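The following report walks through selected features of one protein structure, to be read alongside the sequence and the 3D view.

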Amino acid sequence: MPAHQAAHADFATLRQERIEELDSTLTLFEHRATGARVLSVRNADDNKVFGITFPTPPEDSTGLPHIMEHSVLAGSERYPVKEPFVELVKSSLNTFLNAMTYPDRTCYPVASQNLKDLDNLVDVYMDAVLHPLLPRRILEQEGWHYEVSSGGSGSASVLSLKGVVFNEMKGVYSNPDALLGKYSRCYLLPETPYAHDSGGDPRSIPELTYEQFRSFHSRFYHPSNALVYLSGDDEEGARLDLVARWFSGYGKGPRAPAIPLQPRWDGPRVVRERYAAGEDTSAAKSMLSVNWLLADHMESERSLGLTILSHILLGTPASPLRKALIDSGLGEGLTASGLDDEIREASFSVGLKGIDASSASALEDLIHETLGNLARQGIDPDTVAAGINSVEFVLRENNTGSYPRGLVLLLRCLPNWLYTGDPFVPLAFETPLRSIRRRLERGERYFEELIRRDLVENRHALVVLLEPDKELGAKLEGEERERLQATRSGLTAEELREVSSRAQELELFQKTPDPPEALARIPSLGLEDMERGIRRIPLDLVPQGPATIVVHEIPTNGVVYVDVGFNLHGLPGELLPYLPLYSRCLTEMGTSRTDFVGLQQRIGRDTGGVSASIMISPVVGRQDAAAWLFLRGKCLAGKVDKLTEILSEILASVRLDDRERFLQMARESKARFESSVVPAGHSLVAARLASKVDEAGWVRERIGGTDYLFWVRALLGRVSAEWESVRGALEAIHAMVVTRQGAVCNVTVSTADRAAVLERFGGFLAALQDRPAVRTSWNPEWRRHDEGLTAPAQVNFAGKGGNLYDCGYRLHGSIFAILNYLRTTWIWERVRVQGGAYGGMVQFDPISGSFGYLSYRDPNVLKTLETYDGSAGYLAEAKISPEELRKSVIGAIGDMDPCLLPDAQGYTSLRRYLAGVTDQERQRLRDELLATTDADFRALAGALRLMAERGIVVALGSPERIREANAALGERMRVTAVL
Ligand SMILES: [Zn+2]
């Protein structure tokens, strides 16, 4: 049926447009009865997306929008179970399932390649947002509640605060980078809703009342306030039917008030704030950002222009503003990220972390001076050309990584859609791009003018200085304790009993299983809907002398992806920690022919990017790991010659002797790592645990775990004191690693370009140096004892793990369903719902058997470890209904078949090849998974019982929490301060 006839009686068609560069037709509808706005995107993408968004501007910092986002997904009229969301996680083939609270809106997107599955997801989400149950206990569980515990022998009972969002936000407020971003936004827009924190300030969350909670839903979660989005290869008529069904019976309701514009200042402002720092003062430094408020919703050319400008100024290590900041030595690494155009008024931010507060004004001056010079003297035309090409490549390639492409479109068009009613403008890039190019050809100083008008002469500027405070953590804890004591002493005995019984009621509710008939109402697919066969990725091996070209012939839309790989298992073990910095040197230090700015300009102008990365993996049937260095690049097929020239030049003549540049990279690496410790504490714990299990884990810890952090801190001193030995190590790595003996060249290419591209890479490999390849054994020193890691965190991360095969387990495909079940039942309920942690996970590597339980932003340690140990008993006794079993299998199938874009397909296939994972083995595991029975659950339970006895514990938390946990564990943990 032609597009213009695809109308529906309940909807008015407002506008339709074909956007060639997205190969999509977009139609904007209005639902007549309610005024709901619906954007329908039709294209060939089988990864279909649905999203419903409500503007939800906050009026205070109680986190109401965020708590509501959690709560609507915790039981609705049609699906009155505790966690419909978790039931979907468990049992769908979704390629995306989440909900996000922004500073002014709440967005509920789902995606699937299976239409029936998508319909199920939409059904549960629509009922959740329109008809949630929202009893008081859900506010208590997701937001906040008091718990009463006895204060020890004879003393009065004490109150404590619990709640999922409460803990989640304590984690956010422990993260200085997140705090800097939050303060910048709040203070830049003080007379708007953005002055509040829609996520919730842990100090304000307990002020939220049940009445506010209920009325918020009726004010904002009405179809009249909704923006509905659908995209993919499914039928538009069916989409409109679906929306019409859900919105039938509704009339016009309230819309969120428009967000006011911030009145402009006549001069810059400065604010100073503090963050809670740890005991290690060397890691505790200040951060500073300069922020400018730009325009209200911008027309498309200016918006694209500012995106490109942001890339020109900050996008690569050679970008002039970024380089000036790093070269100054005033700080350790960049913070704040350039253009932010996600809210009503766009802003631009830049700054450094790891600075001394005393150099704040020098840094501020440097930023203004650099921008002033660029505006006056002009930007290097090669930098401009590289910047435009890079942004254009990103737009054309449309490589959204693990995100569905349709979801990225939604997120890109939402701000404009919200504030101007027009979702089309931010999606079409061809016209504004052409216009910007024309201006440059005419000799206009286009980007210089943007810098002058929007930054240099912009009076609405804000400087935020965030300083460390060693006492602040204790002070915040003390204040919370005092508030709780004051509340406690104001309660009569009767009221206290009431608080206590409410907490018990909540606990009882959490522990009571959902009625099977309610669970059965959640729609899910049947096993008959599952594809029996694995998804195969084409792979041919083309021997090239002592090297191999690995080819994946798949449609890539004219882009060529290449990964040139060298085996790292010939390096002596003590050189391994150099690898992350060595690999950065490859693209960020220059070559004997081109300095690093020139090299970055060429990469930007002629390719879609070149970077180096390290791949470590266990190998089937071996004790030692696969360890590879990859130089990864992409370009349009017509530019393969340029790409191979760049790769050859790097490999033949990279410079490794620039001490200043190396020192900058080492400082940045340290700063980046330190700022990830608290927000990503579970990754640190996971790496530490895995390092005790197999060689791959051991290597990863040395190049990316706590060991690496300690190593890089020591390295900073060595760069000054013994540079020659550091440089010698880098040269030694390069000499040992780069050889065509055993090299692989992984090429992902369309059929039409294959022959020409392979010929070019054949020549490239033949020209590489030819040194004998060696293999070294690393003999890891295993540290198989319990450990405590400390950092200034208001929350903990608890892990326990070991090798599951050493516990007698034999790999069977059913394990993926069983772990899916365990994660979404026992671990979720105990660690998150009852424990108050933000999350709990179970990780397993089927190749080596490395296994680990992890918790995320957890108020507990011991209670969580007990939950882990209880897994075996839970699995052994669980009465698993056929429906539960089916759902667990389907969820696991979904995880097995992620939706991969062409570059990720090629790289995934290469990883499997190097790890010895065959398609036959993958098919066997899938067959076994599809045939999972209860008996398989008992078999794993046996192994997990041994894991409870033998597993190793690693926990990260504040010094006080780790001390308490260690005392209870009989001082078995060796304690190390990380920050
Ligand atoms: Zn949340």
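## Strand β5 and its surroundings

L97 lies in strand β5, which covers residues 96-97. The coordinates come from a predicted model, and every value below should be read with that in mind. With a relative accessible area of 12%, L97 is buried, because the limit for that class is under 20%. Leaving aside neighbours within four places in sequence, L97 is in contact with F85, L88, V89, P109, V110, L121 and Y125. K82, which is 15 residues from L97 in sequence, is 17 Å from L97 in space when the two C-alpha atoms are compared.

## The zinc site

Which residues supply the protein donors of the zinc ion? The donors are NE2 of H66, NE2 of H70 and two OE atoms of E168, and they lie 2.1 to 2.6 Å from the zinc ion. In sequence these donor residues follow the spacing H-x3-H-x97-E. H66 and H70 both belong to helix α1 (residues 64-72), and because they are 4 residues apart in that helix, about one helical turn separates them. Both of these histidines, H66 and H70, are buried.

Why is the arrangement around the zinc ion classed as irregular? The 4 donor atoms subtend angles of 55 to 154° at the zinc ion, whereas a tetrahedral assignment would need all angles to lie between 85 and 135 degrees. Water is not among the atoms, so the site may look incomplete.

## S76, in the loop after helix α1

S76 is placed in the loop between α1 and α2, the latter spanning 84-91. Its relative accessible area of 1% makes S76 buried. The side chain of S76 makes a polar contact with the side chain of D127 at 2.7 Å. D127 also appears among the residues in contact with S76, together with A128, H131, P132 and L133, once neighbours within four places in sequence are set aside.

## Salt bridges across the chain

Side chains of opposite charge can pair when their charged atoms come close. In this model the count comes to 78 salt bridges, and three of them are set out in the table, with the distance given between N and O atoms.

| Pair | N to O distance | Separation in sequence |
|---|---|---|
| E59 and R219 | 2.6 Å | 160 residues |
| E332 and K670 | 2.9 Å | 338 residues |
| R754 and E553 | 2.8 Å | 201 residues |

E59 forms a salt bridge with R219. E59 lies in the loop between β4 (48-55) and α1, while R219 lies in helix α7 (residues 210-220), so the pair ties together parts that are 160 residues apart in sequence. E59 counts as exposed at 54% relative accessibility, and R219 counts as partly exposed at 33%.

E332 pairs with K670 in another salt bridge. Since E332 is in the loop between α10 (320-327) and β13 (333-340) and K670 is in helix α22 (residues 659-677), this pair ties together parts 338 residues apart in sequence. Here E332 counts as buried at 10% relative accessibility, and K670 likewise counts as buried, at 6%.

R754 and E553 meet through their side chains in a salt bridge. This pair links distant parts of the chain, with R754 in helix α27 (residues 751-766) and E553 in strand β17 (residues 547-553). R754 counts as buried at 19% relative accessibility, whereas E553 counts as partly exposed at 29%.

Beyond these pairs, R688, K692, E701, D707, R783 and E787 are linked in a network of salt bridges.

## Nonpolar cores

In soluble globular proteins, nonpolar side chains tend to be buried together. The largest nonpolar core of this model holds 106 residues, of which L39, I52, Y108, Y221 and F247 touch the most other members. Not counting residues up to four places away in sequence, L39 touches L26, T27, L28, V228, Y229, L230, C413, W417, P423 and F424. A second, separate core has 88 residues, including V564, V610, A612 and V795.

## P902, in helix α32

P902 is placed in helix α32, which spans residues 902-915. P902 is buried, with a relative accessible area of 15%. Neighbours within four places in sequence aside, P902 is in contact with I554, P555, T556, Y561 and T748. The C-alpha atoms of P902 and L527 are separated by 28 Å, and these two residues are 375 residues apart along the chain.

Terms used. Residues are numbered from 1 along each chain as its sequence is written. This is a predicted model: local features need pLDDT of at least 70, side-chain atom pairs count only at pLDDT 80 or more; totals for chains, interfaces and linings use all residues. Side-chain values use heavy atoms; hydrogens and water are left out. Donors are N, O and S atoms within 2.8 Å of the metal (3.2 Å for Na, K and Ca); water is not among the atoms, so sites may look incomplete. Four donors count as tetrahedral if all angles lie between 85 and 135 degrees; four count as square planar and six as octahedral if opposite donors are over 155 degrees apart and all others between 65 and 115; anything else is irregular. Helices (H or I, at least four residues) and strands (E, at least two) are DSSP runs, numbered from the N terminus. Buried means under 20% relative accessible area, exposed over 50%, partly exposed in between (1.4 Å probe, protein chains only). A salt bridge is a side-chain nitrogen of Lys or Arg within 4 Å of a carboxyl oxygen of Asp or Glu. A polar contact is a pair of N or O atoms within 3.5 Å; within protein, one must be able to donate a hydrogen and the other to accept it, and residues adjacent in sequence count only if both atoms are side-chain atoms. Contact means heavy atoms within 4.5 Å. A nonpolar core is a set of buried Ala, Val, Leu, Ile, Met, Phe, Trp, Tyr and Cys residues joined through side-chain atoms within 4.5 Å.
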